[in-house]
Amino acid sequence: MPQQNKGGDFMTMIKVNNLTFSYPGSYQNIFEDVSFTIDSDWKLGFVGRNGRGKTTFLNILLNKLEYKGSISCDMEFGYFPYQVEDISKDTIEIVEEICKTDEIWDIYREFSMLRIDDDVLYRPFESLSNGERTKVLLAAMFISENKFLLLDEPTNHLDVGARKIISEYLKSKKGFILVSHDRELLDNCCDHIISINKTNIEIQAGNFTSWWNNKIMQDNFELAQNEKLKSEIKRLEKSVYRTSVWSSKAEKGKKMTADMDSKPDRGYVGHKAEKMMKRSKSIENRQLKAIEEKNKLLHNIEKYDDIKLVFDGYRTNVLLTADKLSFKYPGSDKNVFENLTFDIRKGDRVCVSGKNGCGKSTLLKILIGEIDYKIGIENSNKIDKYSIEGFLSIGSGLKISYVSQDTSFLKGSLSEFARENGLDESLFKSLLRKLDFSRDLFENDISSFSEGLKKKVLIAKSLSERAHLYVWDEPLNYIDIYSRIQIEELLLRYEPTIIFVEHDSTFAEKIATKFVNL
């Protein structure tokens, strides 16, 4: 039954009762007997480890999967990314199809908030950039009435500027669950956090930072309590042993007294033995209670081990130099980037920044040799010549390790992948374990992995390679927050030389020692 909030608007409660779910053929439940309630006015950030079940839970809400338990809600759920069936249609047709509104001013209002030009409405949807498509679809979905939106990583692949616009837009809205690993985004636009833990799902009021601080406090409390109870159990074990010895001696003395039929006070000896037995039982009960309390701890602590990195030091201080470098695609009159000047020295952590389409990935491909800067020919079957001007000097014998933005080529088993790429298989799999890969995944085909797990495969590959320079293109897309922090700590501890593209501004600000802005 809808309830009225303080502002007079009606709100709906989304109630999840005793939810249990496992995939067909699996003996392990993804969710087991989970219950909670969500207010339809809340702005929920959804966090959890890769493979823990965030997208699965959204699909359950959308009634795409069979489950045990019940979910009650008087609202319809809307899902982003919305699948546009015919991208050749004009954008206005797509918008009206989603939100079913005749009021053009509704659309103009939302477009204004997202800084979309009105003329986008009258262009084919296929002509829009990724950022424009994301904004248009979000606008259309929020115009729709009586819908609770499920937003699955809407800012992936978007540049920092576009992320900020969407962040401010979502801050002005309500009634959604936002799956994201972007800490700044979750802080800015969420008032509740729903987290999938190891053993349960819990909801807390506040943004990501308040949830994270609470989690650290709870984890530290449980760890301290665990150590305290371990010491208590050890002490009680010794006490139980001593009391048992005393009790046995008293019982033995009681028997000897009876056998000897002598004068000593049998009542006193019997009382002493009984007292020792009671004391022993009391200590045992306290021990069992301490063990029971200890067993309630640590179930949701997310452990992540330190990752070690061994890389090769280059023989000179400067690894590469670019001077007034410009790039142009075949048949284009416009440079993607121009007059780019920078160098990379030992220990530099260089972040390449700029808007979508400004040539960040192209620059990285030039550096790794996928686009040959000497002759301007891509290293593939294509023969189209690129226009590359300026000067680029890459050190002789420089060993580069590359993480691609693309994961679509990944297939086969992890063992096959390790062999094909000349990796030390035990080191590679050890790194994956530290990145929260369960052992049962080792036998699965990589193509069946989630996008976050695929990205971890590429990062583990890169960390397995002894290189002078690491070149990473959006390495954190789909990667969970715990692993992001793990990778941050790794880079700050070992200080490898790296050039990277990353739109997670929290990560970029922590890691980069210099920026190349296109």
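**Cavities**

I began with the enclosed space, and I noted that the largest cavity has a volume of about 70 Å³. The model I am reading is a predicted one, and I keep that in mind for each entry below. By the rule I applied, the count comes to 2 cavities of 30 Å³ or more.

I then looked up which residues line the largest cavity, and I found E153, T155, N156, R163, V179, S180, H181, D182, L476, N477, R484 and E502. Sorting the residues of this lining by character, I get 2 nonpolar, 5 polar and 5 charged. I also checked which domains contribute to the lining of the largest cavity, and at least three residues come from each of domain 1 (13-207) and domain 3 (318-517).

For the second largest cavity I noted a volume of about 30 Å³. V47, G48, W211, D480, I481 and Y482 form the lining of this second cavity, and they divide into 4 nonpolar, 1 polar and 1 charged. When I asked which elements supply this lining, I found that β5 (43-48) and α13 (481-494) give at least two residues each.

**The chain as a whole**

Next I turned to the totals, and I counted 14 helices and 21 strands in the protein chain. The chain has 518 residues, of which 47% count as buried, and its accessible surface comes to about 26700 Å², with 48% of that belonging to carbon and sulfur atoms. For contacts between residues at least 6 apart in sequence, I noted that 70% join residues at least 24 apart.

**Helix α9 and the residue after it**

I looked up which residues of helix α9 (residues 360-368) are buried, and the list reads K360, T362, L363, L364, I366 and L367. Just after α9 I came to G369, which takes a positive phi of about 90 degrees.

**F442**

I placed F442 in the loop between α11 (425-434) and α12 (451-464). Is this residue, F442, buried or exposed? I entered F442 as buried, because its relative accessibility is 9% and the cut-off for buried is under 20%. Leaving out residues up to four places away in sequence, I find that F442 touches L414, K429, L432, R433 and F437. For one of these partners, K429, I also looked up the separation from F442, which is 13 residues in sequence and 8.1 Å in space, C-alpha to C-alpha.

**Backbone exceptions**

Before listing these, I reminded myself that most residues other than glycine have a negative phi and that most peptide bonds are trans.

I found a cis peptide bond joining F80 and P81, with omega about 15 degrees, and I located P81 in the loop between β7 (76-80) and α2 (91-99).

N146 is not a glycine, yet I read a positive phi of about 55 degrees for it; N146 has its place in the loop between α4 (130-143) and β8 (147-152).

K324, which is also not a glycine, has a positive phi of about 50 degrees, and I found K324 in strand β12 (residues 318-328). I then asked whether K324 is buried or exposed, and I entered K324 as exposed, because its relative accessibility is 53% and the cut-off for exposed is over 50%.

Definitions and conventions:
Residues numbered from 1 in each chain as written. Predicted model: local features only at pLDDT ≥ 70, side-chain atom pairs only at ≥ 80, totals over all residues. Heavy atoms only, no water. 1 Å grid on protein atoms, 1.4 Å probe; cavity = no way out; pocket = protein on both sides within 12 Å on 5 of 7 lines; lining within 4 Å. Points joined across faces, edges and corners; volume = space filled by probe spheres on them. Nonpolar A, V, L, I, M, F, W, Y, C, P; charged D, E, K, R; others polar. Domains from an automatic or database assignment. Helix = DSSP H or I, 4+ residues; strand = E, 2+ residues; numbered from the N terminus. Buried < 20%, exposed > 50% of the residue type's maximum accessible area, 1.4 Å probe, protein only. Contact = heavy atoms within 4.5 Å. Areas by Shrake-Rupley, 256 points an atom, 1.4 Å probe, with all protein chains shown as cover.
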